[in-house]
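Reader: I would like to go through this model one feature at a time. Please give the general idea where there is one, then the case at hand.

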Amino acid sequence: MTYNKIMINLNINEIKTHFSSYLAKVSNGETVIVCKRNVPIAEIKPIAALPNKKRPIGLAGKEYPEFQISDAFFEPLPDDIVAAFNGEGS
């Protein structure tokens with residue numbers, strides 16, 4: 001994805017009125033400078049796209065290629081353990 005180096009300076013009222021259209025411009029690579037009484041106060045710019053590939057959990061994938069995580073790992077924790085994490089109970 002390539003971004004253009006275009007900047008748009010707008011006052012807050014203009015941003016509020018046409019917010020969706022300016023977000024569309026940002027998603028196309030433009031940067032919007034938000035101004036208050038023509039004084040720049042913020043910048044809205046595109047962020048880098050997140051990778052779509054799965055990440056290995058820790059370094060286990062490289063060190064131990066046969067390492068598997070069971071589905072039980074992703075199950076909710078028991079209430080007493082959740083309470084302990086929240087500082088509740090004894």
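Reader: Is β2 mostly covered or mostly exposed, and how many of its residues are buried?

Author: This is a predicted model, so the answer is a computed one. Strand β2 is mostly covered, with five of its six residues buried. A residue counts as buried when its relative accessible area is under 20%. Over the chain, which has 90 residues, buried residues make up 16%.

Reader: Which elements does the chain have, and in what order do they run?

Author: There are four helices and three strands. Read from the N terminus, the order is β-α-α-β-β-α-α.

Reader: How are the strands arranged in the sheet?

Author: The general idea comes before the case. Strands of a sheet pair through backbone hydrogen bonds, and the pairing is either parallel or antiparallel. Here three strands form an open sheet in the order β1-β2-β3, and the pairing is mixed. The edges are taken by β1 (7–11) and β3 (39–44); each has a single partner strand, so one side of each is left without a neighbour in the sheet. On average, neighbouring strands of this sheet are turned by 30° against each other, direction ignored.

Reader: Which strands run parallel, and how many bridges join them?

Author: Strands β1 and β2 run parallel and are joined by five bridges. One pair to look up is Ile8 with its bridge partner Val32 in β2.

Reader: And which strand runs antiparallel to β2?

Author: That is β3, which five bridges join to β2 (residues 31–36). To follow this pairing, take Val34, whose bridge partner in β3 is Ala42. Then go to Lys36, which stands opposite Val39 in β3.

Reader: How many residues lie between the strands of the hairpin of β2 and β3?

Author: Two residues lie between them. Arg37 is found in this loop, and Asn38 lies in it as well.

Reader: What is the sign of phi at Arg37 and at Asn38?

Author: Phi of Arg37 is near 55°, a positive value in a residue other than glycine. Asn38 is not a glycine either, and its phi is positive at about 65°.

Reader: Are these two residues buried or exposed?

Author: The cut-off for exposed is a relative accessible area over 50%. Arg37 has 77% and is therefore exposed. Asn38, with a relative accessible area of 62%, is exposed too.

Reader: Which helix lies across the sheet strands, and at what angle to β1?

Author: Helix α2 (residues 19–27) lies across β1, β2 and β3. Its direction is at about 160° to β1.

Reader: How many salt bridges are there, by the rule used here?

Author: The count comes to one salt bridge. In it the side chains of Glu43 and Lys45 meet, with 3.6 Å from N to O. Glu43 has a relative accessibility of 43%, so it counts as partly exposed.

Reader: Which residues form the nonpolar patch on the surface?

Author: The patch consists of Leu77, Ile81, Val82 and Phe85, which together have about 380 Å² of accessible area. Among them, Ile81 is found in helix α4 (residues 79–85). Its relative accessibility is 35%, so Ile81 counts as partly exposed.

Reader: What does the accessible surface of the chain come to, and what part of it belongs to carbon and sulfur atoms?

Author: The surface comes to about 8200 Å², and 56% of it belongs to carbon and sulfur atoms.

Reader: Last, what share of the contacts with a separation of 6 or more is between residues 24 or more positions apart?

Author: Such residues account for 36% of those contacts in the chain.

Notes
Residues are numbered from 1 along each chain as its sequence is written. This is a predicted model: local features need pLDDT of at least 70, side-chain atom pairs count only at pLDDT 80 or more; totals for chains, interfaces and linings use all residues. Side-chain values use heavy atoms; hydrogens and water are left out. Two strands pair if DSSP finds at least two bridges between them. Axes are lines fitted to C-alpha atoms, for helices over the stretch in contact, and angles run from 0 to 180 degrees between N-to-C directions. Contact means heavy atoms within 4.5 Å. Patches are made of residues with over 30% relative accessible area and no salt bridge: like charges are joined within 9 Å, nonpolar side chains (Val, Leu, Ile, Met, Phe, Trp, Tyr) within 5 Å. Accessible areas come from the Shrake-Rupley method with a 1.4 Å probe; for residues, only the protein chains shown count as cover. A salt bridge is a side-chain nitrogen of Lys or Arg within 4 Å of a carboxyl oxygen of Asp or Glu. Buried means under 20% relative accessible area, exposed over 50%, partly exposed in between (1.4 Å probe, protein chains only).
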